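Biologist: I should be grateful for a close look at a single part of this model, the packing of helices in one chain. Please explain each term as it arises, since the reader is a first-year student.

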Amino acid sequence: MARTVFNDARLIDPVAGTDSRGWLLVENGRIVATGQDAAPEPQGGETRIDCGGRALAPGIVDLGVKVCEPGERHKESFRSAGRAAAAGGVTTMVTRPDTLPTIDSPETLEFALRRAAEAAPVRIAPMAALTKGREGREMTEIAFLRDAGAVAFTDGDIVIANTRVLSRAMAYACELGALIVSHPQEPGLSAGASATSSAFAALRGLSMVSPMAERMGLDRDISLVEMTGVRYHADQITCARALPSLERAKGNGFDVTAGTSIHHLTLNLIDVGDYRTFFKIKPPLRSEEDRQAIVEAVASGLIDTISSFHTPQDEESKRLPFEEAASGAVGLETLLPAAMRLYHAGALSLPQLFRAMSTNPAKRLGLEVGRLSKGAPADLVLFDPDAPFVLDRFALRSKSRNTPFDGTRMEGRVLGTWVGGQRIFGE
Amino acid sequence: MTFRARHLLGIEHLAPDEITAILDLADDYVSLNRSTQKHGDALAGLTQINMFFENSTRTQASFELAGKRLGADVMSMAMAASSIKKGETLIDTALTLNAMHPDILVVRHPNSGAVNLLAEKVACAVLNAGDGRHEHPTQALLDALTIRRKKGRLHRLTVAICGDVAHSRVARSNILLLGRMESRVRLVGPPTLIPSQARDWGVEVTHDMETGLKDCDVVMMLRLQKERMDGGFIPSEREYYHRFGLDAEKLAHAREDAIVMHPGPMNRGVEIDGTIADDINRSVIQEQVEMGVAVRMAAMDLLARNLRAERSAAA
């Protein structure tokens with residue numbers, strides 16, 4: 001019987017909302033006990049990890065990771081993404097279907113799952129496309145895809161502009177109990193935009209979109225949720241003006257949750273500076289007021305999940321004029337240290353952060369991970385929230401190095417990562 | 001000498017004394033250009049390449065003439081018709097040209113920020129001849145020179161910039177420059193053509209020509225950039241002309257000695273009435289073109305001095 005004792009840890013339990021010294025016992029890949037008192041007596045053949053007071057939390061469930069397999073393995077493969085995830089304390093990658101070709105059939109999904117099982121040390125929970133080819137015309141085989149393992153259905157950052165198509169897909173998905181993940185955005189207003197409307201972006205001559213476009217997209221989606229009753233998750237809520245709509249939908253008892261990205265929580269639109277394309281993401285970075293409002297919404301629980309929206313891009317697609325450059329940033333390895341900025345700023349506690357990064361995404365997708373509770377799989381991350389370092393993008397394990405944090409000071413180092421009780425990162 | 005920059009990418013990074021240094025030298029070049037012996041040797045031995053990724057007649061001719069008058073070897077490339085069509089990226093094009101050891105690159109590009117990107121990758125001085133809707137610094141400098149010669153100063157003037165501000169790099173560079181020289185800027189135009197955040201730029205915004213032009217010293221008209229519009233910014237050219245086109249009646253609200261400027265090319269009968277444009281007592285549009293050559297000579301001269309100083313320091 002495989003048995004591991006984590007001794008003298010700072011246990012971050014997001015379900016109980018506690019942050020306290022204690023021990024944690026793992027047997028056969030599952031958490032069997034935790035406690036505050038003296039750790040269990042040593043038995044023969046067990047592994048003992050002396051945590052030295054460092055934080056031990058449920059491994060991160062990163063909702064919305066792009067692994068560029070199939071199609072663009074030069075940007076990221078299951079092997080490289082898996083190693084990056086392990087080093088970042090991410091124990092489950094909830095993958096996006098926006099690959100080449102799109103993951104919109106059981107066959108492509110099975111291919112991705114087979115590659116994942118061969119190459120990635122972390123768990124993979126795949127999302128499948130909601131419409132074929134993400135073209136917004138015809139819904140995918142939602143039942144077949146669900147049976148093949150899809151945990152949610154999404155067209156990624158493409159908005160299904162045809163409301164009738166979306167309403168049908170939602171009605172069909174509702175009957176199957178499937179979760180739809182949508183990118184709330186009014187597509188006409190945001191077409192061609194690469195920056196948020198602001199004096200800063202206007203002076204730089206960038207095409208802009210009002211943050212109101214996000215609220216309009218969310219309002220439409222919520223109306224459709226009311227019509228169809230589908231389980232709905234907004235992938236990224238990034239501006240203050242969308243929050244009242246979200247609050248109303250939740251207050252009305254609709255089955256609605258929302259996420260946000262770590263980049264929108266830690267950066268703002270001024271960070272683009274002189275056309276730095278590593279800061280070009282979708283939706284674009286928002287104002288400082290928006291950033292603060294979103295941080296507060298995470299603290300209050302109005303926004304449920306925080307993800308990296310890991311989007312690998314090669315150097316060529318970023319070394320272009322800002323408006324022509326590709327969007328997206330890698331984030332698997334920087335999600336945790338970036339989140340520590342919010343912790344050190346006193347904005348969010350560690351249990352609050354891990355509730356949003358681990359517990360809530362797992363719960364929303366019906367996964368049993370994301371908890372330190374008895375019986376839960378032993379997916380764990382051991383980290384030092386105070387350890388400082390300067391990020392060097394070329395030291396990242398991802399094949400793509402498009403991080404906005406290159407050269408910046410960060411705090412928070414992952415010391416070890418475990419999936420199902422097996423150590424996949426750290427000595 | 002107070003001009004320190006390595007490139008001229010925009011007005012944004014220029015200090016007031018650097019702007020003054022360019023204008024002072026440009027004044028000298030105006031005299032040279034008016035003489036029969038229009039030759040200097042400030043750029044002798046240097047190679048100037050004009051890369052225009054967007055069609056241009058006036059600006060390209062102005063830069064070409066400026067370089068030739070100062071003795072540079074000038075080559076103009078119409079990039080719009082060349083290798084980008086074959087899929088080469090901007091960076092690769094820049095690296096290819098860089099390998100030919102140019103000393104001055106003059107670049108125009110349809111994307112905002114493209115010239116900044118290019119400047120990071122080459123070893124010579126880069127002059128922005130207009131990037132997307134971002135900046136067109138030599139246009140703002142030639143406008144400033146024109147104003148300074150007509151009004152005797154650049155501070156404490158009221159300048160109305162009218163029309164299509166949203167799509168205009170000329171407007172952005174002028175707003176930055178006039179603000180830096182402590183003049184007042186008013187933006188006048190329909191709300192669809194003025195960014196709604198423009199008030200945060202430190203300018204006044206009005207949507208009415210009478211209010212906008214009242215007591216101003218300079219009326220700067222902008223070209224309606226039909227080629228940058230994807231439809232629906234104004235209902236029609238005739239309604240635009242009626243409300244925002246500069247005619248004698250609207251100009252009467254400005255100061256009696258107010259000058260009228262336009263960066264060209266003009267759409268007569270759209271943003272400006274033909275008789276105003278041709279009125280030699282009010283319009284300085286032809287002077288602007290003349291100042292353009294002088295300002296570009298001055299800017300390239302100053303960049304070349306810094307380049308030579310940098311190279312001799314490295315040697």
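Modeller: The account below follows one helix of chain B and its packing partners, and then turns to two individual residues.

The model is predicted, and local features need pLDDT of at least 70, side-chain atom pairs count only at pLDDT 80 or more, while totals for chains, interfaces and linings use all residues. Residues are numbered from 1 along each chain as its sequence is written, chains are lettered from A and ligands numbered from 1 in the order in which they are written, and side-chain values use heavy atoms, with hydrogens and water left out.

Two packed helices are described by the angle between their axes and the distance between the axes. Axes are lines fitted to C-alpha atoms, for helices over the stretch in contact, and angles run from 0 to 180 degrees between N-to-C directions. Helices (H or I, at least four residues) and strands (E, at least two) are DSSP runs, numbered from the N terminus.

Helix α11 of chain B covers residues 285–314. Helix α2 of chain B, residues 58–69, packs against α11(B) at an angle of about 50 degrees, with the axes 8 Å apart. The two helices α2(B) and α11(B) are therefore oblique to each other (angles under 35 degrees count as roughly parallel, over 145 as roughly antiparallel, 65 to 115 as roughly perpendicular and the rest as oblique). The crossing of α2(B) and α11(B) is right-handed; a crossing is left-handed if the near helix is turned anticlockwise from the far one by less than a right angle, and right-handed if clockwise. Contact means heavy atoms within 4.5 Å. On the α2(B) side the contact includes F63(B), L65(B) and A66(B), and on the α11(B) side it includes V289(B), V293(B) and M300(B). The residues of this contact of α2(B) with α11(B) comprise 7 nonpolar, 4 polar and 3 charged (Ala, Val, Leu, Ile, Met, Phe, Trp, Tyr, Cys and Pro count as nonpolar, Asp, Glu, Lys and Arg as charged, and the others, Gly among them, as polar).

Helix α5(B) also meets α11(B): their axes come within 8 Å and cross at roughly 115 degrees. This crossing of α5(B) and α11(B) is right-handed. Among the residues in contact are Q139(B), L142(B), D143(B) and T146(B) of α5(B), together with Q288(B) of α11(B). By class, 5 nonpolar, 5 polar and 5 charged residues form the contact of α5(B) with α11(B).

One of these residues, Q288(B), lies in helix α11 of chain B. Q288(B) has a relative accessible area of 3% and is buried (buried means under 20% relative accessible area, exposed over 50%, partly exposed in between, with a 1.4 Å probe and protein chains only). Setting aside residues up to four places away in sequence, Q288(B) touches residues including M261(B), H262(B) and P263(B).

Helix α5(B), residues 137–151, has a further partner in α6(B), residues 169–180; their axes come within 8 Å and cross at roughly 55 degrees. Helices α5(B) and α6(B) are therefore oblique to each other, and their crossing is right-handed. The contact includes A140(B), A144(B) and I147(B) of α5(B) and V170(B) and L177(B) of α6(B).

A strand residue completes the picture. V106(B) belongs to strand β3, residues 104–109, of chain B, and V106(B) counts as buried at 0% relative accessibility. Apart from neighbours within four places in sequence, V106(B) contacts residues including F63(B) and M300(B).
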